[in-house]
Amino acid sequence: MTDAVEYDVVVLGGGPAGENVADRTRAAGLSTALVESELVGGECSYWACIPSKALLRPVLARADARRVPGLAGAAGGPLDTAAVFAHRDYWTGNWKDGGQIDWLDSVGAHVYRGHGRLYGIRKVAVTSPEGEHHVLSARHAVVVATGTRAVVPDVPGMAGAGPWTSREATSAQAAPGRLLIVGGSVVAAEMATAWQGLGSQVTVLVRGSGLLPRMEPFAGELVAEALREAGAVVRTGVTVEAVVRDGSTGPVTVVLEGGELVEGDELLVATGRAPRTEDIGLDTVGLPAGQWIEVDDSCRVPGHDWLYAVGDVNHRALLTHQGKYQARIAGAAIAARAEGGAPLDTRPWGAHAATADTRAVPQVVFTDPEAAAVGLSLAEAERAGHRVRAVDYDLSKVSGAGLYADGYRGRARMVVDLDRGILLGATFVGPGAAELLHAATVAVAGEVPVERLWHAVPAFPTISEIWLRLLETYRG
């Protein structure tokens, strides 16, 4: 190893969370190094959020257009898949990270390419692709932001069949004739929507009772109904016992419990994520390798006053925007601790507390219909011991929804804390519903009294008039 190069902060992982930590610590005047073993920009930029939405946008736009009188006939044909893939490739930078590197250069962060591992307290060892070795020393903090990887279940024949994970599903250059999807997660629902719309015959095999199990039950029900109407097959309550394939190409057969065979041309496994912590040197600082990293609300690891973990790796909220939020909180905390003086504000909603991770996490599932939710579902609120009331309303009854699309179908729910008179959560499912979410996020994070929301008048005729209908229903 060479002599250690010293920085104020060393960030291990260059995805959105790691980049945002670097941005905040540099803004505070702290010298910062960032270590990345793949592409700077991470999973979101190249194999998740960005490419998936680029694939989904034309599928959803066509679905919306087919519901608009005067436009439906013109939108009846197939998509230009070559143009869709080219647009996706543009948004991923053709899987090159020069733009991300330029941005980090502009904020003054130093990028090290290679595999980074903790090397004891406040140190990170980096091995470059060329075999060069560096040791980076941190005066104030090391931040782990290594993210997650897709999990391939331990099912006989699965690993050897060369299944797609989210990476292959978002970067494929052609639509398979028949795509089998195992899982009911967000990835499963979005990729079923995308590839069915791009010309594949999709079959979704769900072990549980429905899609999107972490959202209100009606979300998964409406998405599954729409997928079936689009021509996909959605089966619930089925268990995959084995996978049979001659090598990693050619037809693939899934063997279900009871012996039923389901055949396809590609198999996407969307059953969960695991932390990328198995080979980053956690054992050198007394932490278990391969596990999620526990943190406090400032994203610092208990018992290690110099070590932080942000993004998926801490398992607080596995969403890009939440990882970036944690990065902003952690960056502020690192800067404040480096400066010394006044104690940190770690009260709920304080400048150094990632409170939204447990109280106001927003998420959009870009399916047809879109499903958007923030805060607690009814079941989660009840399990947490809150005295609550769920208020539901049919979105199609709102004038703006009817004008948006003929045959509009959707549903909305707000979960009200009856003791405090505030919203604990809200869910909207329907075409265009994603744009309803931020208002709900503000209401939940701001703990806005329901009685005050009565004075927030939605514009007519917009879909956001659903807020008035929900409040009217609540008031009786």
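**Close-up 1. R245, a buried arginine in a strand.** With a relative accessible area of 12%, R245 counts as buried in this predicted model, because anything under 20% falls in that class. R245 belongs to strand β11, which covers residues 240-245. Follow the side chain of R245 and you get to the backbone oxygen of T249 at 3.5 Å. The side chain also has a polar atom 2.8 Å from the backbone oxygen of G250. Setting aside neighbours within four places in sequence, R245 is in contact with A161, G162, G250, P251, V252, D265 and E266. So G250 turns up twice here, as a polar partner through its backbone oxygen and in the list of contacts, which counts heavy atoms within 4.5 Å.

**Close-up 2. N314, a buried asparagine in a loop.** Here we're in the loop that runs between β16 (307-309) and α9 (320-339), which is where N314 lies. N314 has 6% relative accessibility and counts as buried. Its side chain has two backbone partners to look for. One is the backbone oxygen of A309, 3.0 Å from a polar atom of the N314 side chain. Another is the backbone nitrogen of R316, which the side chain of N314 reaches at 3.0 Å. Leaving out neighbours within four places in sequence, the residues in contact with N314 are I293, V295, C299, A309 and Q326.

**Close-up 3. The second largest pocket and what lines it.** This pocket has a volume of about 480 Å³. Its lining is made up of 20 residues, and A63, R67, A226, A230 and D368 are the ones nearest the centre. Three helices, α3 (49-65), α7 (186-197) and α8 (217-229), each give at least two residues to the lining. The largest share belongs to α8, with five residues. If you sort the lining by chemistry, you get nine nonpolar, four polar and seven charged residues.

**Close-up 4. Two cis peptide bonds ahead of prolines.** D368, one of the residues nearest the centre of the second largest pocket, is joined to P369 by a cis peptide bond, with omega near 5 degrees. You'll find P369 in the loop between β17 and β18. The peptide bond from F460 to P461 is cis as well, and its omega is near -5 degrees. P461 sits in the loop between α14 and α15.

**Close-up 5. Helix α13 and its buried face.** Helix α13 takes in residues 437-445, and its buried residues are L437, A440, T441, A443 and V444. Looking down the axis of α13, these buried residues fall within an arc of 165 degrees, so they line one face of the helix. Quite a few elements pack against them: the helices α10 (356-359), α14 (450-453) and α15 (466-475), plus the strands β17 (362-365), β18 (370-375) and β21 (422-430). Just past the helix, E447 takes a positive phi of about 50 degrees.

**Close-up 6. Helix α5, with a buried side and an exposed face.** Start with the buried residues of α5, which are I101, L104 and V107. They span an arc of only 125 degrees around the axis, and that puts them on the same side of α5. Turned away from that buried side is a face carrying the exposed residues G99, D102 and S106. The buried residues are covered by elements that include α1 (16-27), β2 (32-36) and β3 (110-113). After α5 comes G108, with a positive phi near 90 degrees.

**Close-up 7. Positive phi at N94 and R122.** N94 isn't a glycine, yet its phi is positive, about 50 degrees. Its place is in the loop between α4 (81-91) and α5 (98-107). At 48% relative accessibility, N94 counts as partly exposed. R122 isn't a glycine either, and it has a positive phi of about 65 degrees. Look for R122 in the loop between β4 (115-118) and β5 (123-127). With a relative accessible area of 26%, R122 is partly exposed.

Notes
Residues numbered from 1 in each chain as written. Predicted model: local features only at pLDDT ≥ 70, side-chain atom pairs only at ≥ 80, totals over all residues. Heavy atoms only, no water. 1 Å grid on protein atoms, 1.4 Å probe; cavity = no way out; pocket = protein on both sides within 12 Å on 5 of 7 lines; lining within 4 Å. Points joined across faces, edges and corners; volume = space filled by probe spheres on them. Helix = DSSP H or I, 4+ residues; strand = E, 2+ residues; numbered from the N terminus. Nonpolar A, V, L, I, M, F, W, Y, C, P; charged D, E, K, R; others polar. Buried < 20%, exposed > 50% of the residue type's maximum accessible area, 1.4 Å probe, protein only. Arc of directions from axis to C-beta. Polar contact = N/O pair within 3.5 Å; in protein donor to acceptor, adjacent residues only side chain to side chain.
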